[in-house]
Structures are given as structure tokens and as C-alpha cells.
Amino acid sequence: MSEQLQSDFDKLVKTSKFSHEEIKFKKNFLNNFIKNGFPNRKQEDWKFLDISQIIKKNISDLSFFNDYSQSNKIDPSILVDGLEHNKIIFINGKIEKIDFNVEDQNKIEIIDETKKDISFDYENSLIDLNSAFTYKVFKIIIKKDYSLKKPLIIYHSTNDKIKSTNINLRLDFELGENSCLKLIDYFANTKTKNFINIFYNFNLEKDSILKNYKIDKFINNNLKYSFNNIEQGNNSISETFILSAGSDYFKNEINCNLNGEYSSAFINGIFSLKENQQHEIRTSINHLVENTKSYQLIKSVLGKNSKSAYQGRIFVNSKAQKTDGYQLSKAILLDETSEFNAKPELEIYADDVKCSHGSASGSLDENSIFYLMSRGLNYQQSKELLINGFLMDVVEKITDVEIKNLITNIIGLK
Amino acid sequence: MDKREKDIENLKDYKYGFTTDIENIKAPKGLNEDVIKFISKIKKEPKWMLDFRLKAFERFKQLKEPNWQKPKYPKIDYQDLYYYSAPKSMKDKPKSLDELDPKLLETYKKLGIPLQEQARLNGIAVDAVFDSVSVATTFKEELTKQGIIFCSMSEAIQKHPDLVKKYLGTVIPVTDHFFATLNSAVFTDGSFVYIPEGVRCPMELSTYFRINASETGQFERTLIIADKGSYVSYLEGCTAPMRDENQLHAANVELIALDDAEIKYSTVQNWYPGDENGKGGIYNFVTKRGLCKGKNSKISWTQVETGSAITWKYPSCVLKGDNSIGEFYSIAITNNHQKADTGTKMIHLGKNTKSKIISKGISAGFSDMTYRGLVDINSKAKNSSNYTQCDSLLMGNKCGAHTVPYIKNKNFDSNIAHEATTSKISEEQLHYCQQRGLNPEEAVGLIVNGFCKEVLQQLPMEFAVEAQKLVGISLEGSVG
């Protein structure tokens, strides 16, 4: 694989206009990746779903080169109706459109900054891969005291032009004091198999609010990995919602550092998996100062041959007294071939804290089905009603009404 | 001074920290084939036993020491240990207690475990293991009448080779992990229990482990077989002298329950935990595994872990038989610089299997405590269920409490529920107790005992009292 990586990297350098400094940076990351390769199950964080095996099995001839000099046509049918919004459209990993027309242009700044180092410690070779092969890194800055009027939707789409390709993209966001960003990641991919590696970096200043909704609803054959790093200042709030349903493989990883007092992080997730899908959410919430709060709720509904995993970690530093941390994961297994794995982890070094976690998994409750059927629903309807109710619980946690309605419509819940 | 205060005064220091001055036979230092052959020879073992050991040693040479655990420790030099140490007087095994070296009797008396049968009021049969060998087993006759075999492992290898051959290494195979394999290669003694079909063991069986010699590792092996429809309750206690060096204790315990049998295994572990600054103490790296082989069988582990510098163990249940039950009750207390990474594994293979895990962790001082557990429900384990509860209590902000449960559900008929909380003793509870005339330490003792009650209830009577005291004492000086 290393020869291919090297030659694909050379191709990328040839077709792009990187500066010497950038190339040096990227080479470093490339070498790190060549040394470590794709993560495998020997690493604790990849214990349940081994990405190196999954890639080997699904994409035998993975290519790391992606020709960014070609531009792609935007297919208007992928755009979300019924909600006025700002857009960033990625097609095959390349930004084709950035549209912030509804907003005050003075309050938003977009900088292109390809040469970017990684500001936090990580033991994840996929970030090395991402950093080596990203074409452009944009940084979006929301200035002080500005709340975006409309949500920003980032479209992630691929077309039939590429296949078996590794797509790497990265965005950095900086939310100034007292600002607010609502961000929807919307995945609209075709059937072709690619490995998409997304890396977001958020920096939340004092009193800012970030709401990130990741919607992977439509069945597609892509393998996806997404990593969010969130740094939070005093009194800031981050809310992440993940709907993990469409791709063959999807791992969402969230690393959240609560650096400021009274900051809080909320993570809510739904796995709704069908045949042969394998999805995972891994979170790591680091409570580093006093009076911080985190809440996580993850629910899975698992069909035939599907597998979901949730690895949640709450870390409480010895300084972080008065921490409030909560994790709950629940799963319904619909078929004898479905599988649920969980590792809700607490690592606590302060004594005046309130931390708890719960995890439950099992089949649909026959008594409830019987109850509904005795009131005239058929078996299928009762089952659907129960599953809807089970998942609705998570959707209800979305604090933005407009987006909640949008998501309910997309999922088809009532 | 009231009684409790007196107790505490007596027990404030590790009272089992004395050494017994007794002549020892040791194997040459180091680990190699010759040492294994030496151990095997001195124990007059048959060839198949030596082959078993050598096979394990072959495997051991290929294994790497694991390092994924939370408490890290300085590298152990396995060549710098004595793998066999026995009191000289034990060379030719004494036929009865009267022939036993009086120094040994004295030691056990000091530990509160008289080996003379008449000294025992309640019927507990004891097998005492001193360094590497079993020195005495009490109440043998009475047990023999019922067909129960309770003896040292070496004796079992001589007298009941068929049973040993049939079951040894079936739960913990010679090819298991690093420490288990090391044990298979060099184990010296331990207890062997066989309960015949349909017999309910009339008394508690108990083994008392003691490490005395310095620079030795203790590697004992316990094998308990409960035949169809039988019941046994087994207790294990351990102490060691105070030494500045760290000593390794890597035991293997195998339990096998056949159809309708029940084994209850209780441990009160009070190895020397090291001094206040974390110097010395025992490394307690034990492999305990039970196999519910038959239908409707039950294995229950209860442990009170207050000692050891590092405790690293996961008493496990493999629920193979249909309708079998596995239970795990644990209290782990760490104070000063102690570290613990403990928990359980429940592996559900049979239909309608049930397991229950109750774990209570208390950390104080500079200590670190981790609960690590696995619940794995196999796709064939229809209609099985698990309930896990692990609570941690923290005292002070220099210590840590961690919970790392692994949950794997591959069966849609099965239910798993897991709950965990971490908190400190609430000010209100303390205030309430103090208002009613308890001093802060007593109040904490009371609250902690309440916190642990669910587990303490599972212990046999005599042990429960001792454990309750131990819980109070381990936390001495951690309040305020």
C-alpha cells in the first residue's frame, strides 16, 4: 500500500498548487500514515469495528488520488427543500459552491489556509491520512455577537465519476464570542463505493453556541469516517445530533474538550440500520474545569446482519469539581443476526461529581405489541409505532424547532 | 475506649505484616526448563504433569506481557524470582497435624486461623498454603465420609490423577494469557476440591494463603469440581508480610459446575498493600474462571478486595449449560497508593442463561480504581439476560474511579441492562449521622457499609463480620 500512497501523493502534488512549506507538512503526515496504516482492532478505539478489514473487504483497489482540477456539475435535486439555508457543496471532495447570501457578509469570513498543523494530541492515523491528502482547508469564522440567520447546510455528495477513491476533506470553524451557528451535514451519495474521511475542527469562544446535525439517511455503499474536534470556552454550548442510517459503514467520532467553566456538550444519536450495515459512534468528553455538563443519548434499531457500536467516554479531571455527566445507550435488536456493542466508559479523578451511565439492549417488548394489536393495529404497524416512539425520544432532544421538523420529515417519523 | 476503637487501634497497621523465621527449601532463582523440572521432581509428579508444565512454558516463551491495564507497574524481572519455596520441615510431608512444625502452627494461630480441629468452633475445613505448599488440611476425615475430596493440589495429583487429568486446564487452558500460562508452568500447590454427585458439602471449605519468603512469587492453583446436583461454598483468605519489594502473586482458580450443581466462591483478599507512600506490596494478578458446564448450574463469585498494591483480576463465568446462572459480587477498596483494575466477564453461551454483576468500588487517598467488565451474549444464548450495576465512591480529589464496561449483545432475544454511578458521600448523609452523635469516621464507616451491603450480604456469616471490619479499617484516615 505504501508505494501506492507515495505515488498517489506525488500525483496530488503535481496537480495542485501547494507551496513548499505545505508539501513539507503533508509529507510528514503521509509518512506517519505509511508507518501506522489504517487502524485495526488491536487498537482499543477500533475494537468493535475494524476499519482496515472493512476497507479491505469492500474496496480492494482503494486509490488515494482524487483529481481536483476537474469541476463537477451540481445536481439541484440533492438540495433540501422547504428551508432557506446557506450552502457549502462538496462534490467528490471538492468544494463547488459556497453560498452565504442571506447573511451579513461582514460578519462571516472564509479563509483558505491549507498549511494547517493539528493543535491537539491524537492517536489516529486517519487524521494523518486526512491531513496528507486534503486539497484545501477552509476556515469559517463567525464574528463576535453574530448569529447566523439561517442554518448552514453542508452537502456531501459524490457522483459516478469516481469510484474506490479515498476522499479527504476538512473544515475549520471559529465561533466568536456570543455567536451562533447551526450546521447541518447532509449526505447525498450515489451507489459507488468510496472511503470518505471528514475532519472538522471547531473552536467555540465564550458564550457561543454550536448546533451540528449530521444526517446520513439515504442508502449508499460508501464507507465514511467523521471526526469532530470541539474546543469549548466559558459558557459555550455544543449540540450534536447524528442520524446514522445510510452508509455501509459510518463511524462518527467526537472529541470535545470543555475548557471553560459552565460549558456544556450534548450528543444525541440514532442508529437505524438495515442489512449488512456497520455503524459506530465514539465520543470522548473531557471535563477539564469546574461546573461543566455533558449529556449523551444514543439509540439503535438494528435489522438483519447489522452491527452498531457505541463507545462513550467521560473523562473528569481532578480540577473539574461539580461535573455533571450522563450517558445512556439503548438498543433494539430486530433480528437474530443483529449485534449491539457498547463500551460506556467513565474516567473520574474528582470527587464532587455526578456521573452515571446506563446501557440496555434487547428485543421489542412483546407485551407492548400485544397491547397495540389488541387495539386494532396489525403486527407490522405496531412494530413501527413502537420503533418510531423509541427513536422520536432522541429527535425530541433537538432544540431547534425548524430543524427538528426538517429532520422528522427526512426520517419519516410522525 | 469502646470496642470498635480498640479494634481499629489494633488493626490500624497491617497486623499480618510479621514474617515467620523458618527454614526454606527454594528452587534456584530464575525461570527455565530446569526449574520446572525441579519443581515437578520435588513434588514427585507423574510425567503427564511435567508435560503439562513444559507445554505451558513453551507457550509462555512466545507470549508478551500485556500492558493494556490501567495501573502500570515497573517491569517484573521474571528471572529474578524464586518459583518454589517451601518450609524445610515440609519436605517429607507430615502425616498429621501433631507432626507439623510448631512454628507454622504458631504463624497460623497469629493469623487467627488455628489449624487444630478442636480449636474450631464452627465447622470450617481449612487448607493452609504457606508460600508454595499446602501445609495442612483440616476436617479431612469428616469430609471423606461423604466422599468429598478436599486436599492439596499435589496430593490430588498423586491420589486422584484421573480427576485432575480430566479437569485441569479445561477452564483455563495452558495456552491462555501471559500470567495464566506462567502459572500453568510453575504452579506449586493449591487446593483441590471434588464434591461427588448429589452431595451438599456440610461445611464451608476454606483455603488460607500466606506468602512468607522474600523474592518469591506465589503461584497456586485451585481446582474445584462440583459434580451433578452438588453444592459447595468455598472461602479464600490471603495475607503477606510487610516488605519493601513488590511480590508477585499469580494464581489460577478453575471452577467446574456440572448439571444442577452450585459453587459459591468467596474471597477476602488482604495482601500487604504497601506502606503509605506506596512502597512494597503484593501484585495480585490472578486468573479466576468458572465454567457452568451442566444444565441449571450456578457459580457465584463474591470478593472483598482491600489489600494488594495492585489488584488485576477478573473472576469470570462461562455459562455454557442451558439455564445456568453466573453471579459476581464485589467490593474493592483502594487507599493510599493502591491500584485496582478488577471486574468480571460473563460469557453467555447456553440458552436461558442469567448473570448478575454488582460491583462497588471505593477509592481514597491517592489510589486508582477501575471496574472493567465484559458481558458477551452469544448468538446461540437465546433468552438470556444480564444485569450489571457498578457504583463508585470517591473520597478526596487525589484519587480516581473508572468504569469500563464492554457490552456485546449478539442475540435479539436477550436483555442486557447496565447501570453505573460515581459520586461522593453526600454532605447531607454525613450531617445526619453526625447530628445523631457519630463522629465523622464512624459516620463514613456506617455509610460505606451501607453502600456495600448488597455484597456483604452474600458472604458467609463468619466472613461477613471480618469483611465489614476490614472495610472500616481500610478507609481509616481517609476522611477529613
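Two strands are said to pair if DSSP finds at least two bridges between them. With that in mind, a good place to start in this predicted model is the meeting of its two chains. Strand S19 (residues 354–362) of chain A and strand S25 (415–424) of chain B are joined by seven bridges and run antiparallel. Within this pairing, A:Ser361 stands opposite B:Ile416 in S25(B).

The wider contact between the chains draws 31 residues from chain A and 30 residues from chain B. On the chain B side, at least two residues each come from strand S23 (385–395), strand S24 (400–409) and strand S25 (415–424). By character, the chain B residues that touch chain A comprise 14 polar, 11 nonpolar and five charged. For the complex, the predictor reports an ipTM of 0.83 and a pTM of 0.85.

Chain A also offers a helix pair to look at. Helix H5 (residues 366–374) packs with helix H6 (residues 379–395) at an angle of about 125°, and their axes lie 9 Å apart. Angles of 115 to 145 degrees count as oblique, so H5(A) is oblique to H6(A). The crossing of these two helices, H5(A) and H6(A), is right-handed. From H5(A), A:Ser368, A:Ile369, A:Leu372 and A:Met373 take part, meeting A:Tyr379, A:Ser382, A:Lys383, A:Leu385 and A:Leu386 in H6(A). Six of the residues in this contact are nonpolar, two are polar and one is charged.

Finally, a word on confidence. Chain B has a mean pLDDT of 82, with 80% of its residues at 70 or more. Residues 117–122 of chain B fall below 50, and this stretch has five contacts in the model beyond near neighbours in sequence. Where pLDDT is low, predicted coordinates should not be read in detail.

Terms used: Residues are numbered from 1 along each chain as its sequence is written. Chains are lettered from A and ligands numbered from 1 in the order in which they are written. This is a predicted model: local features need pLDDT of at least 70, side-chain atom pairs count only at pLDDT 80 or more; totals for chains, interfaces and linings use all residues. Axes are lines fitted to C-alpha atoms, for helices over the stretch in contact, and angles run from 0 to 180 degrees between N-to-C directions. Helices (H or I, at least four residues) and strands (E, at least two) are DSSP runs, numbered from the N terminus. Angles under 35 degrees count as roughly parallel, over 145 as roughly antiparallel, 65 to 115 as roughly perpendicular and the rest as oblique. A crossing is left-handed if the near helix is turned anticlockwise from the far one by less than a right angle, and right-handed if clockwise. Two residues are in contact if their C-beta atoms, placed from the backbone, lie within 7 Å. Ala, Val, Leu, Ile, Met, Phe, Trp, Tyr, Cys and Pro count as nonpolar, Asp, Glu, Lys and Arg as charged, and the others, Gly among them, as polar. pLDDT is the predictor's confidence in each residue, from 0 to 100.
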